[in-house]
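Here are some short exercises to work through with the model open beside you. Try each task before reading its solution.

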Amino acid sequence: MIKVTDITVNQLNVHFDKAHALKDVSMKIGKNKITAIIGPSGCGKSTFIRCINRMNDLIPSARVTGDVHVDGTNIYDPRVDVTDIRKKIGMVFQKPNPFPKTIFENIAYAPRIHGTRRKEDLNRIVERSLRRAALWEEVKDRLNKSAYDLSGGQQQRLCIARTLAIEPEIILFDEPCSALDPIATAKIEDLLIDLKKDYTVVIVTHNMQQAARVADCTAFFYLGELIEYGSTRDLFEKPEKDLTEQYITGRMG
Amino acid sequence: MNRKLKQNIYFGLFRISGWMVVAAIAVLIGYLVFYGIGAISWEFLTQAPRVGMSQGGIFPQILGTIYLMVLVLIISIPIGILSAVYLVEYQKNRFMKGVWRVVVHNLAGVPSVVYGLLGLGLFVLLLDMGASLIAAGLTLSILVLPIIIASTREALIAIPPSLREASMALGATKWQTVRHHILPYAMPGILTGVILSLSRAAGETAPIILVGAAFYMPNLPDSLFSAFQALPYHIYALATQTRIALTGPNLFGSALVLLMLVVGMNLVAIMLRNKYRKKYRW
Amino acid sequence: MTSALRGLLNKPRSVKMDLITHFTLLIIAGISFFVLILVFYTLVSNALPSFINFGNNEVTDLWNFLTGEIWRPSSDIYGIVPLVLGTLLVSLAASLIAIPIGIGTTIYISEIAHPRVRGILKPAIEVLAGIPSVVYGLFGLLILSPYIRDIFGVGSGTNALNGAIMLAIMMIPIMVSLSEDAINAVPRSLREASYALGANRWETMRAIVLPAALSGIVAAIILSIGRAVGETMVVLMCTGNSPQITANILDSVQAMTSAIAIDVGEVAGGSLHYHVLFAIGMILFLFTLVINFIADLIAARYSEAYR
């Protein structure tokens, strides 16, 4: 089923002080696929996805053991520069968080930091990213306006464009639609399906229908453990574990 | 890595700033302790100065400072707290609330010497109280009033409206709600404001210079209208008007005592505030 | 009228109590308000005579007061330019020292310092904020001045520089605590977005956090400068009290606040000198009003900056 792996997670454990948030998680995430992470609140989905781009490093009480290999390199190797990793692995958050700057500046920010300085290059990158995020037509005339003038759905697509600007290989989505209305959600789901042609997509969602709609593979987490992982169709139609079945049929969480 | 190098350089500079501030504190307090600790003894704290302040103690000055704090406590604390209670709980008019806010906020920033002028013009001269304890007490009370009102107000508005609604829904009157449900929860915050205000009153010098604190009095003050001595003025006068060779120990001892008094009160207020913040996370 | 009164008296006890307390509190608040207005009134009424007198006085008038370059109360000459410039010189010099160190310290505390270090440094700075100004003045006068005298080879160690250094130390705690509030108000989500894009902590600080907190930081700086201008004891004890016009920080100067405090023993109530001191007090009062107003304006802009 998973022919070419992009991310290999091995015996991943996360502790927040005394709390054991993620227990011995091992899985392989396929290239150019959409993988959904589902499970009830508090099951560790966000913690898991934040391990992939080492965002948990920002939490002082977090302790991560195990490793995460991306294209052969263990991202938790001490010799690795975490800012490089985050260039390759982007993240879109639950609540849209554009910077209090213009639309143009939001997108140009990251390429500038990573070395692109020339105006023509930045213009090109901004247009390309906005087109890819299906936002260009709506904002091309007001690139110099504040990002806060956009609607919620537009802001989230802006955040996606911002991430695309540095040309990652993997994009992580942490419940990207939970703050959006159904129409905006549909637009983003279409975008995800389009994105997987060029990127590896991992999406955390509490909405099972969403997982069923967009994901190729789905992983079910419960209380910090990976319970079941397989193709979306198999997981939803013929779940192997009881817990999975209970969650899917709504008897739990 | 060019980027990492830049970060290290800038962060290094910021780290240096931080430690410069620590160094300044250490040097300041260090010198004071060094020169002053030798002077402090039980006699120092309980006796009057002798021989032109080169011997004896600073009891009258300490007492004067305590009297001033007590006056401020009696005069402005209740008025300030209750005014804030009125402002937050009873005043509904938006315009008035705004006016109050502006007035209090601006008065809190007025230089202390201007309050001294007020004390001089109004209490000492116009109301003919002379250079007395009561004139100084009233002056300091006015200085501190905006602080009390502002800090009480903050403590009160930190309490969520749902608490008030719950109480009123049970049939309690406004005052019962305030007395039993609001004030107890706001007390730590209010208390913090009170302690900080009192320590301000203890440490302020300019106002009492203008109102006419005395440098030397043969007797302790015997009424509200008598002249008074106080630690801050004592320190100022010793430092600028006497021969340090003679009065040095008294001077630094006094400074150390004032420092310990004020810093001690501030530390208590800060600890109270931190404990309170941890306890009540609405 | 009497029926209304009877209606009032017939109300249940708890409601009556409530009305009474409401009324009492209103009175008390009224007293506060009255007092606060009194401050303004006293200043104005005591300052105004100086301008009225000025009209009749050959030596000085309002224009000469505001532009006069000589301040010599002993000869009844009252030009406040040396005082204003003295205040400005010391305050600006203090700001030049305090702003970089203060902002640097703020960034250090809020973003860089290890939590344990932060736990020591923050209370230490709050302690610093509480030290009485007369103690700073004492330090400057007796301990710092010999050093300045020797290092710079000047006749006296009490000068604008001395005042500026001690004022800077006084300004830093306020600046730090207000700026820290501004920096902490920047939502965590913005920082996360920046880190997720591969920016390091400094880049995030420089391009995202500081710009977002800028208005709050500027307001903090302005308020600190306001405090410096209003400070009395430090300038009184450390600057030498020589009202001269100079830009040399090694010279002795006199600030507006010192001029008020220093002569008060010799001032006769009702004399021109007395009224002039109140005039200076009014200028200081107005100045702080303006500073607070500007700082509030800037701070208001920052609280709208993000949702």
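**Exercise 1.** Find the order of strands in the open six-stranded sheet of chain A.

Solution. The order is S6-S7-S8-S3-S9-S10 in chain A, with mixed pairing (strands are DSSP runs of E, at least two residues, and helices runs of H or I, at least four, numbered from the N terminus; two strands pair if DSSP finds at least two bridges between them). Next, look at the edges: S6 (89-92) and S10 (225-231) of chain A each pair on one side only. S9 (217-222) of chain A and S10(A) run antiparallel and are joined by six bridges.

This is a predicted model, in which local features need pLDDT of at least 70 and side-chain atom pairs pLDDT 80 or more, while totals for chains, interfaces and linings use all residues. Residues are numbered from 1 along each chain as its sequence is written, with chains lettered from A and ligands numbered from 1 in the order in which they are written.

**Exercise 2.** Describe how H5 (115-130) and H7 (160-184) of chain C cross.

Solution. Start with the axes, which come within 8 Å and cross at roughly 130 degrees (axes are lines fitted to C-alpha atoms, for helices over the stretch in contact, and angles run from 0 to 180 degrees between N-to-C directions). H5(C) is therefore oblique to H7(C) (under 35 degrees is roughly parallel, over 145 roughly antiparallel, 65 to 115 roughly perpendicular, and the rest oblique). Finally, list the contact: H5(C) brings Ile125(C), Glu126(C), Leu128(C) and Ala129(C), and H7(C) brings Pro173(C), Ile174(C) and Val176(C) (contact means C-beta atoms, placed from the backbone, within 7 Å).

Note on methods. Contact = placed C-beta atoms within 7 Å.
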